[in-house]
Amino acid sequence: MKNFEDTRQSDATQTVKNDASFVSFDGSFDDRLTGDYFASAGRSFTGTIAATHRHFWNPEDSRYIDFSIPFDVERSPIMPFSTVPELCSDLRNELSERQQVAFANDSLHWWLSGFLFGEQGALWLSLSLADMLGNPDGVEYVVNQAREEARHVAAFTRYIETRWGPPLPVAPAFRQLLGRIVNSDTIHRKLIGMQILVEGLAMGFMASLYNKAADPVLVRLAQLVMTDETFHHKAGHLWAENDLPRLSAAERADAEDWALECFQALMFNVFNPSQKTALYEKYGWDTEYVRQKIRAYYTEEVRKQELSEQAGVFRILARTLIRSGIVTERTRPVYAQWLDLDSLAEDDTNSVEASIARQGLELIASINC
Ligand SMILES: [Fe+2]
Ligand SMILES: [Fe+2]
């Protein structure tokens, strides 16, 4: 059994109990007032809980992030046109140069609104997990994560408000997925849905924002959030390593199917134009019309090209799935329709997102010292 920071916490690793990291609890509050309950605390999260204060940042403090730095969203795209599928298709020819910039930034508005809703989901998921867990160290970990997710909700709200105003409406598929994950009644469904799938996808997109955004405020926001998310994402890996092998055969099958279901729902949310009607309405575009235009551009070849980029969002998500061990021979063919799993299995674990988070941690340490 490995500790959260197994490479840097060798002392803690040696004292780890042979327990699951996230233990289910279905007793009453009264049952939490016993010696047995308190004795059930493990050491899985020793490293991450101790690191909490070292990587604290405050979205209201300009030393960490300065929201007063201006960016003219009417004149310049925050993200390059090449990251906007609609502008890679013939649809671009229907827009003036100014409209192209507006669409690129409106598209980012849609994406970041999704980030905000995802953060809200992660916050409520963490809170609900605290109620379900039976090991005190696990409870301490998830309430700490809740605190960090609340910080992300505040930071994304502030950024969206500063550049555009209120967030765009939540996409229907994403709303449904977040609701199903948050309201799941098993720990494995909550962990797979949020910590592994949603957080994995978010890490990929935030790495893309960090590497490509022209707005320094967004670059800093992505980096700061990634410093926290990398711990959350690792907690998902910890679960996969310590707890997944303990599931019954029926639970294991449910975990694999659920992972696939969440993956397909996320892909649908990302790629299906029906989820972006709030974005298209302003330009008078019918969803079916957009679908046809994008389909002509977004070929299998283009998808594989995206995947080949080291910081490609789906590459990161695919690697996460493989490393978590929840892709099995039974479900592998479905993933393979989207992703080249064979080429990802040997990816360097010292990845792009880890490097961004590490630099973020150094930045925060220099402010917090
Ligand atoms: Fe978050
Ligand atoms: Fe998170």
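Q: Which protein donors hold the iron ion (ligand 2), and how far from it do they lie?
A: Start with the atoms around the metal, keeping in mind that this is a predicted model. The iron ion (ligand 2) has as its protein donors Glu149 (OE), Glu199 (OE), Glu199 (OE), Glu229 (OE) and His232 (ND1), at 2.0 to 2.6 Å. Glu199 appears twice in that list.

Q: How are the donor residues of the iron ion (ligand 2) spaced in sequence?
A: Write the donors in chain order and count the residues in between. Here that gives E-x49-E-x29-E-x2-H. The last two letters are Glu229 and His232, which both sit in helix H9, three residues apart, or about one turn of the helix.

Q: Are Glu229 and His232 buried or exposed?
A: Look at relative accessible area, where anything under 20% counts as buried. Glu229 is buried because its relative accessible area is 1%. His232 is buried too, since its value is 0%.

Q: Which residue bridges the iron ion (ligand 2) and the iron ion (ligand 1)?
A: For a bridge, you want one residue that serves both metals. Glu149 does that job here, and the two iron ions lie 3.2 Å apart.

Q: What does Glu119 touch, once residues up to four places away in sequence are set aside?
A: Skipping sequence neighbours lets you see what the fold brings together. Glu119 touches Glu149, His152, Val153, Phe156, Met206, Val225 and Glu229. Two names there should ring a bell: Glu149 and Glu229 are also donors of the iron ion (ligand 2). Glu119 itself belongs to helix H5 (residues 97–132).

Q: How far apart are the C-alpha atoms of Glu119 and Glu149?
A: Compare separation along the chain with separation in space. Glu119 and Glu149 are 30 residues apart along the chain, and their C-alpha atoms are 5.9 Å from each other. As for exposure, Glu119 has a relative accessible area of 4%, so it counts as buried.

Q: At what angle do the axes of helix H9 and helix H17 cross?
A: Picture a line through each helix, then ask how close the lines come and how they cross. For helix H9 (residues 216–242) and helix H17 (residues 352–368), the axes come within 8 Å and cross at roughly 105°. H9 is therefore roughly perpendicular to H17.

Q: Which residues of H9 and H17 meet?
A: Take one helix at a time. H9 brings Arg220, Gln223, Leu224, Met226, Thr227, Thr230 and Phe231, while H17 brings Glu353, Ile356, Ala357, Gln359, Gly360, Leu361, Leu363 and Ile364. Sorted by class, the residues of this contact are eight nonpolar, five polar and two charged.

Q: At what angle does helix H8 pack against H17?
A: Same recipe: angle, axes, then residues. Helix H8 (residues 187–212) and H17 pack at about 65°, with axes 10 Å apart. The crossing of H8 past H17 is left-handed. Met203, Ala207, Tyr210 and Asn211 of H8 make the contact with Val352, Glu353, Ile356 and Gln359 of H17. That comes to five nonpolar, two polar and one charged by class.

Q: Where do helix H7 and H8 stand relative to each other?
A: Go back to the axes. Helix H7 (residues 172–182) packs on H8 at an angle of about 135°, and their axes are 8 Å apart. H7 is therefore oblique to H8. From H7 you get Leu178, Arg180, Ile181 and Val182, and from H8 you get Arg189, Lys190, Gly193, Met194 and Val198. This contact divides into five nonpolar, one polar and three charged residues.

Q: Is Arg54 buried or exposed?
A: The cut-off for exposed is over 50%. Arg54 counts as exposed because its relative accessible area is 52%. You'll find Arg54 in the loop between helix H3 (46–51) and helix H4 (85–88). Sequence neighbours within four places aside, Arg54 is in contact with Ile364 and Asn368. The C-alpha atoms of Arg54 and Ile364 are 7.7 Å apart, although 310 residues separate them along the chain.

Q: How many helices and strands does the chain have?
A: Zoom out and count elements. The chain has 17 helices and zero strands. Of its 369 residues, 54% are buried. Among contacts between residues at least 6 apart in sequence, 79% join residues at least 24 apart.

Notes. Residues numbered from 1 in each chain as written. Chains lettered and ligands numbered in written order. Predicted model: local features only at pLDDT ≥ 70, side-chain atom pairs only at ≥ 80, totals over all residues. Heavy atoms only, no water. Helix = DSSP H or I, 4+ residues; strand = E, 2+ residues; numbered from the N terminus. Buried < 20%, exposed > 50% of the residue type's maximum accessible area, 1.4 Å probe, protein only. Contact = heavy atoms within 4.5 Å. Axes fitted to C-alpha atoms, helices over the stretch in contact; angles between N-to-C directions. Parallel < 35°, antiparallel > 145°, perpendicular 65-115°, else oblique. Nonpolar A, V, L, I, M, F, W, Y, C, P; charged D, E, K, R; others polar. Left-handed = near helix turned anticlockwise from the far one by under 90°. Donors = N, O, S within 2.8 Å, 3.2 Å for Na, K, Ca; no water.
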